[in-house]
Amino acid sequence: MKRALFLIPLLFFLGLAGYLGFGLTRDARVLPSTLIDKPAPDFDLPPLLPGGAGLKTADLVGQVSLVNVFASWCVPCRAEHPIWAKVASEEKLPVYGINWKDKQAQATAWLKELGNPYARIGFDPDNKAGIEWGVYGAPETYVVDRKGRIRFKYVGPVFEETLDATILPLVRKLREEK
Amino acid sequence: MRRAVLAFVGLVALLVVAAAGAVQPDEMLKDPALEARARNLSADIRCLVCQNQSIDDSDAGLARDLRLLVREQIQRGRSDSEIRDYLVDRYGTFVLLDPPFRASTLVLWLGPLFVLLAGGAGLIVYLRGRSRIAADGNALSEDEAARIERLLGDGDGRT
């Protein structure tokens with residue numbers, strides 16, 4: 001028994017190394033949202049586009065939807081942008097936009113250039129709604145269930161891989177919920 | 001001597017500039033007491049873009065938004081802890097640079113203490129073992145005494 005005592009430092013080291021090694025596999029820059037499984041926060045944003053639809057809390061109730069935080073100055077937003085048109089048409093999934101810390105003219109020109117896949121776009125130049133949602137960068141994408149609760153948050157650009165592996169399976173599951 | 005004084009004054013001036021943080025004049029509150037509270041509070045709130053700077057130090061746009069939010073809430077008469085809770089509700093406890101004592105942060109707070117105690121216990125066990133050897137294990141056995149006697153008592157003249 002006493003002989004095995006020399007193993008204690010070794011076990012301690014292996015445990016610590018395993019724990020820290022696990023830490024290395026996680027992206028420390030990605031924060032878990034505190035809003036998961038909670039109702040979307042109270043917000044009411046005016047439309048970005050003249051004649052378009054704005055975005056408010058009540059708009060998120062009734063169907064499963066995505067909320068995408070974007071800005072014309074955000075390069076990864078440009079990279080992920082084509083996927084939203086595809087999601088909106090192929091999946092019949094409403095994608096709502098929050099235009100975050102942007103200028104109206106630039107955001108409008110950006111959508112004119114790249115196309116507008118959003119069913120509604122709220123204009124949030126001074127981060128009023130962004131703070132309520134806990135947004136800390138763009139792009140961010142939220143999956144909202146039909147009761148208007150936030151069920152998932154993704155930080156960073158969404159590409160096919162994340163969409164097919166994570167977002168769409170969750171959307172299908174949420175659509176079956178009553 | 002004068003040059004040294006000048007250099008010292010220059011150094012102090014630099015430090016004062018550094019202490020001003022990223023707060024822009026147009027953000028500041030008119031009431032110096034409230035502004036001091038805002039500075040004090042925002043020194044403890046993490047900028048979520050740069051992550052190792054407080055919002056008081058950071059030039060990021062989000063940090064500015066949060067500085068303005070802190071000041072707006074101070075003006076509306078909210079207490080420091082109410083403002084902190086408001087931010088934690090939206091961004092999580094990560095937004096506080098000083099992590100709160102909770103179940104999920106137990107390892108963080110108590111880990112060093114545990115390591116210290118474990119190391120201390122190990123040290124005590126080790127030292128006790130050593131003094132026990134010194135107390136009773138050091139006496140020579142009969143064989144050893146005889147052998148030393150033989151080696152020393154040989155008397156070949158070289159010792």
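1. Two strands count as paired if DSSP finds at least two bridges between them. That rule underlies the sheet described here for chain A, in a model that is predicted.

2. The sheet of chain A is open and has 6 strands. Their order is β1-β8-β7-β4-β5-β6, and the pairing is mixed. At the edges are β1 (38-39) and β6 (120-124), each pairing on one side only.

3. Look next at β5 of chain A, residues 95-100. This strand runs parallel to β6(A), and the two share 5 bridges. Within the pair, A:Ile98 stands opposite A:Gly122 of β6(A).

4. A helix also packs on this sheet: α5 of chain A, residues 160-176. Helix α5 touches β7 (140-144) and β8 (149-155) of chain A. The directions of α5 and β8(A) make an angle of about 175 degrees.

5. Now to chain B and its helix α4, residues 80-91. Helix α4(B) has 12 residues. From first C-alpha to last, α4(B) reaches 16 Å, close to the 16 Å expected at 1.5 Å a residue.

6. Which residues of α4(B) are buried? They are B:Ile83, B:Arg84, B:Leu87 and B:Tyr91. These residues cover an arc of only 100 degrees around the axis, so they lie on the same side of α4(B). The partners of the buried residues are α2 (32-42) and α3 (61-75) of chain B.

7. The face of α4(B) turned away from the buried side is another matter. There sit the exposed residues B:Ser81, B:Glu82 and B:Asp85.

8. One backbone detail follows the helix. Just after α4(B), B:Gly92 takes a positive phi of about 90 degrees.

Terms used: Residues numbered from 1 in each chain as written. Chains lettered and ligands numbered in written order. Predicted model: local features only at pLDDT ≥ 70, side-chain atom pairs only at ≥ 80, totals over all residues. Helix = DSSP H or I, 4+ residues; strand = E, 2+ residues; numbered from the N terminus. Contact = placed C-beta atoms within 7 Å. Axes fitted to C-alpha atoms, helices over the stretch in contact; angles between N-to-C directions. Expected span 1.5 Å × (residues − 1). Buried ≥ 20, exposed ≤ 12 C-beta atoms within 10 Å, placed from the backbone. Arc of directions from axis to C-beta.
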